[in-house]
Each structure stands twice: as structure tokens, then as C-alpha cells.
Amino acid sequence: QVQLLESGGGLVQAGGSLRLSCAASGRSSSSVAMGWFRQAPGKEREFVAGISWSTAYADSVKDRFIISRDNAKNTVYLQMNSLKPEDTALYYCAARRVPHTIFAAEYPYWGQGTQVTVSS
């Protein structure tokens with residue numbers, strides 16, 4: 001069992017930055033792949049970034065967002081730069097056994113989400 005707790009969301013102006021954190025507990029981080037997903041109102045949940053032995057990004061955030069992890073703290077981060085209004089969404093952290101995938105249905109463990117709002 002893995003428990004996830006996100007933090008770091010908020011309101012930011014377009015062009016600004018935020019860093020999301022996801023603290024995981026319950027399983028060794030070396031065997032866990034982490035993913036960030038987001039869901040805007042009226043839209044499906046979509047993959048943002050994933051990390052296990054490598055990293056992966058959605059095309060819409062590539063070169064703006066960076067996913068990283070601190071295994072000693074069992075925490076994964078999402079550094080979000082050059083934010084755009086279209087990045088506004090509820091951001092979720094998710095976990096599964098390695099490797100990471102881009103499909104939300106393949107992640108059994110989810111956090112409660114943290115809201116990111118980007119104003120124009």
C-alpha cells in the first residue's frame with residue numbers, strides 16, 4: 001500500500017513558477033514509479049510527467065516542467081516554469097510499480113490532488 005500527499009499548488013500569474021511536492025509512504029521508493037497527472041473542469045485526466053528509471057513528459061509541458069525525486073525523503077517534485085492559463089487544473093500525484101506509464105488507469109495509488117490556477 002502506498003499513501004500519497006501532494007502540496008504546493010496555488011494561484012500564480014502567467015509566466016510564473018510553482019513547485020509541487022508529493023510525499024509517499026508505505027513502500028520502498030526504488031520499486032515505485034511516480035506520475036503527475038492533471039484534470040481541468042470538463043476534461044479528462046491527462047498525463048503530465050512520470051519518473052522511474054527515466055523521465056517522460058507530455059508534449060504540452062516539455063521544456064517547461066521538470067519532474068524529480070528525492071529517494072531519501074520519498075518525495076517526488078514537479079517544477080513548473082513558464083506557466084500558462086491552460087495549465088490550470090487539479091494536479092494529482094500517482095504511484096505504481098516500476099516502470100512509469102502515461103496511462104492513468106495503470107496507477108493504483110493516487111493523492112487527493114492540489115489545485116493550480118494560472119491567471120492571464
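The following questions and answers go through salt bridges, a core and a sheet in a predicted model.

Reader: How many salt bridges are found in the whole structure?
Author: One of them joins the side chains of Glu-46 and Arg-38, and another joins Glu-106 and Arg-96. A search of the whole structure gives a total of five.

Reader: Is Arg-38 buried or exposed?
Author: A residue counts as buried when its relative accessible area is under 20%. The value for Arg-38 is 5%, so Arg-38 is buried.

Reader: Which residue forms a salt bridge with Arg-38, with the closest N and O atoms 2.9 Å apart?
Author: The side chain of Arg-38 meets Glu-46 at 2.6 Å, N to O, so that pair does not fit the distance in the question. The partner at 2.9 Å is Asp-87.

Reader: How many residues apart in sequence are the parts that Asp-87 and Arg-38 tie together?
Author: Both Asp-87 and Arg-38 are buried. Arg-38 belongs to strand 4 (residues 32–39), while Asp-87 sits in the loop between strand 8 (75–80) and strand 9 (89–97), so the salt bridge ties together parts separated in sequence by 49 residues.

Reader: Which residues are linked with Arg-38 in a network of salt bridges?
Author: Glu-46, partly exposed at 36% relative accessible area, pairs with Arg-38. Asp-87 also forms a salt bridge with Arg-38. The network that holds Arg-38 links it with Glu-46, Arg-64 and Asp-87.

Reader: Where does Glu-106 lie?
Author: Glu-106 is partly exposed, with a relative accessible area of 38%, and its side chain meets that of Arg-96 in a salt bridge of 3.6 Å, N to O. Arg-96 is in strand 9, so the pair ties together parts that are 10 residues apart in sequence, Glu-106 being in the loop between strand 9 and strand 10 (109–110).

Reader: With which side chain does the side chain of Lys-62 make a polar contact?
Author: Lys-62 is in the loop between strand 6 (55–57) and strand 7 (65–70). Its relative accessibility is 41%, so Lys-62 counts as partly exposed. At 3.2 Å, the polar contact of its side chain is with the side chain of Asp-59.

Reader: Which strand gives the largest share of the largest nonpolar core?
Author: This core has 32 residues, and those touching the most other members are Leu-4, Met-34, Trp-36, Leu-78, Met-80 and Tyr-91. At least two residues come from each of strand 3 (18–25), strand 4, strand 5 (46–51), strand 7, strand 8, strand 9 and strand 11 (114–119). The largest share is five residues, supplied by strand 9.

Reader: Which strands stand at the edges of the open sheet of four strands?
Author: The order of the strands is 1-3-8-7, with antiparallel pairing. An edge strand has a single partner, so one of its sides is left without a neighbour in the sheet; these are strand 1 (3–7) and strand 7.

Reader: By what angle are neighbouring strands of this sheet turned against each other on average?
Author: The sheet is open and its pairing is antiparallel. With direction ignored, the average turn between neighbouring strands is 15°.

Reader: What is the bridge partner of Ile-66 in strand 8?
Author: Strand 7 and strand 8 pair in the antiparallel sense, over six bridges. For Ile-66, the bridge partner in strand 8 is Gln-79.

Note on methods
Residues numbered from 1 in each chain as written. Predicted model: local features only at pLDDT ≥ 70, side-chain atom pairs only at ≥ 80, totals over all residues. Heavy atoms only, no water. Buried < 20%, exposed > 50% of the residue type's maximum accessible area, 1.4 Å probe, protein only. Polar contact = N/O pair within 3.5 Å; in protein donor to acceptor, adjacent residues only side chain to side chain. Salt bridge = Lys/Arg side-chain N within 4 Å of Asp/Glu carboxyl O. Core = buried A, V, L, I, M, F, W, Y, C linked by side-chain atoms within 4.5 Å. Pairing = 2+ DSSP bridges. Axes fitted to C-alpha atoms, helices over the stretch in contact; angles between N-to-C directions.
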